[in-house]
Amino acid sequence: MDERKFIDETHFVKTETFFGEEIETIYKLARKPVAMDPGVDISASDDPMLRMGHGFCAPFNPRTYEAAPGILCDQDVEVVLRDGCKIYCDIFRPDTDKKVPVIISWSWFGKRPGEGMSEWQLMGVPPGTVSKMAKFESPDPAYWCHQGYAVANVDVRGAGHSEGDVHIFGMQDGLDGYDFVEWIAVQPWCNGKVGMAGNSGVAIHQWGIAATCPPHLACIAPWESTTDQYRESLYEGGIPALSFNEFIGGQVTGGSGVDDQVAMARKYPLMNAYWQSKIPDFSKVKIPVYQTCGWSHFHLRGSCQAFRKCKSRKKWLRAHRDFEWPDTYANENLEDLKKFYDRYLKDIHNGWEMTPRFRVDVMDAYDVDYQVRRGEDSFPIKRTEYRRYYLDAKHMDMKAEPVPYHSSVSYDSNTEELEFDMEFTEDTELTGYMFLRLFVEVDGHDDADLFINIQKSDAAGNWIPWDTLGEHHPGAWGKCRVSHRELDEKLSTAYQPVMKHERELKLSKGEIAQCDIEIVPSSRFWHKGQRIRVQIAGRYIREGWFEPLSWDTDNHGRHIIHTGGEHASFLQVPYIPPRYKTVGYDYR
């Protein structure tokens, strides 16, 4: 029985069970529909997320109509889940008597945002690229229906007019997805083959649903997907980052409650069964997978984790520099995804299996890539050589060999930063996972928040960024709250340290702590004479980015970085040797 207890005017709690453990879960009342009149142009709203379709709830109007020439829409179709909860979807399908496969977009973003807009545009995507039939971050029926596919835009439990409470990326959401897949697969117009598509939030849901193994789910395409909400979103490196999640959660529109991850993060700041329940069981995913990851985006770690850990023998990863929205709707990528779907939803033998398992864009500088879609057999790349560059605080550089003498350097934890550089004497590609070992002391506090960027500079020390959406990106990043430095030995590897987050280990006065800091995967090329740089600060150094990303830091006094001798701080990097070498030329 759904028993809820209100704790204030906007929040209630329910006792729920996660992996056998009862936990009091906090829900907040969902945002009420903000534009019920289809004549209201939400693209003119002052709310930037509403302008992209978040929180829009069109009037309830079950019907079948011609949405565009050759495309029918079954609107506000009722689907009853196993517990009797009713959810609603819009199904766009080709106007044909032939049975077709279906692609599901599953999220709480609002299944018909374009209905309230004069123009439907995403950042980095030219006007007119995406039709008003498309759900936010989802496949566009105006493309897919003309390719012989149906598209189902779903308002999940609690979203829009659907009943119940929204369970954000949780176990209930996976079970609901199972029920929907099995329901839609037997509709009279469907050929029984079901796929899923969408980026960001719409991608994250796919892994949880695929892990429940619906028999009719034939393949998924999660393009950019956080898959560990605690480690990758709310407490990356142990540092709380709640404002962005509060912003996103505030866009959920519906008739009841929304799983309040921010309130739960404040109540349960360490890993527990609630947070574990939001990590899919990748070992159960054995269907074909087409995953993408953007080197520039915060979904990066989760995308790579999911690809590595799922048990499918038919899985592909494409890594790129672009932001998720322009990547999703680019023509060449749509055509590429169509080949994947044709193979596994239509059983067309089109040679898709010959696609390299890992296609990588190796970034160089600004908007220039050194290589594009280079094919590899695996990720991480099999021929990777892990090398260590040792920090030297005495000379503020890095060396290829251990530094025999001890030295230290400090910086103000809130206003200053450190930079350690090393010049490459040969052309160098680094693709894969890095990690940074630092020996850290704090003068004036018992904790420290560390923000790491791995950058490139020219021979004179001038920073050479890469660009995304026209903005300079600070580089491959890592974060660490020193009190969370304890590693999970089961999850960590020789190239990727993973924090446990089950207790706090505060620093005593004068204590020097070893911190192994995970750096997100990346791929970059350094030309001979250019420098690799480790930037260390108590804050994330980035200006002008459109997403409201911020961290609740706990920094006071000065951070002291120890190097050399028994405090051998180093950066471990994934060096990729050329495939072949001849006199004067390397084949990469």
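S303 has its place in helix α9, and in this predicted model the residue offers a convenient entry to the strands around that helix. S303 is buried, because its relative accessible area of 0% falls under the 20% cut-off. A polar atom of the S303 side chain lies 2.8 Å from the backbone nitrogen of S225. Leaving aside residues up to four places away in sequence, S303 touches E224, S225, Q291, T292 and C293, and of these, Q291 and C293 are listed on one side of strand β12, while T292 is listed on the other.

**The strands around helix α9**

Helix α9, which spans residues 300-309, makes a right-handed β-α-β unit together with β12 and β13. Strand β12 covers residues 289-294 and is mostly covered, with six of its six residues buried. Which residues of β12 are buried on its two faces? On one side they are V289, Q291 and C293, and on the other Y290, T292 and G294, so that both faces are covered, given that buried denotes a relative accessible area under 20%.

Strand β12 also has pairing partners. Strand β13, residues 315-320, runs parallel to β12 and is joined to it by six bridges, whereas strand β10, residues 217-223, is likewise parallel to β12 but is joined to it by two bridges. T292 takes part in both pairings: T292 is the bridge partner of W223, and T292 also stands opposite R318 in β13. T292 is, in addition, one of the residues that S303 of helix α9 touches.

**An antiparallel sheet**

Elsewhere in the chain, four strands form an open sheet with antiparallel pairing, in the order β1-β2-β3-β11. Its edge strands are β1 (5-6) and β11 (257-259), each of which pairs on one side only. The pairing of β11 with strand β3, residues 21-29, is antiparallel and extends over three bridges; within this pair, K28 stands opposite V258 of β11.

**Backbone geometry**

Most residues other than glycine have a negative phi, and most peptide bonds are trans. Against that background, R373 has a positive phi of about 55° although it is not a glycine, and M396, also not a glycine, has a positive phi of about 55°. The table sets out the two residues with their places and accessibilities.

| Residue | Phi | Place | Relative accessible area |
|---|---|---|---|
| R373 | about 55° | strand β15 | 24%, partly exposed |
| M396 | about 55° | loop between β16 and β17 (397-399) | 27%, partly exposed |

The peptide bond from F379 to P380 is cis, with omega near -5°, and P380 lies in the loop that connects β15 (368-376) and β16 (385-392).

**The chain as a whole**

The chain contains eleven helices and 30 strands. Why can its overall dimensions be said to agree with those of a compact globule? For 588 residues, such a globule would have a radius of gyration near 25 Å, and the chain has 25 Å, which agrees. Taken along the principal axes, the C-alpha atoms fill a box of roughly 75 × 65 × 45 Å. Buried residues make up 61% of the 588 residues, and the accessible surface comes to about 22,300 Å², of which 50% belongs to carbon and sulfur atoms. Among contacts with a separation of 6 or more, 73% are between residues 24 or more positions apart.

Notes
Residues numbered from 1 in each chain as written. Predicted model: local features only at pLDDT ≥ 70, side-chain atom pairs only at ≥ 80, totals over all residues. Heavy atoms only, no water. Buried < 20%, exposed > 50% of the residue type's maximum accessible area, 1.4 Å probe, protein only. Pairing = 2+ DSSP bridges. Right-handed = clockwise from strand over helix to strand, strands pointing away. Rg over C-alpha atoms; globule rule 2.2 N^0.38 Å. Contact = heavy atoms within 4.5 Å. Areas by Shrake-Rupley, 256 points an atom, 1.4 Å probe, with all protein chains shown as cover. Polar contact = N/O pair within 3.5 Å; in protein donor to acceptor, adjacent residues only side chain to side chain.
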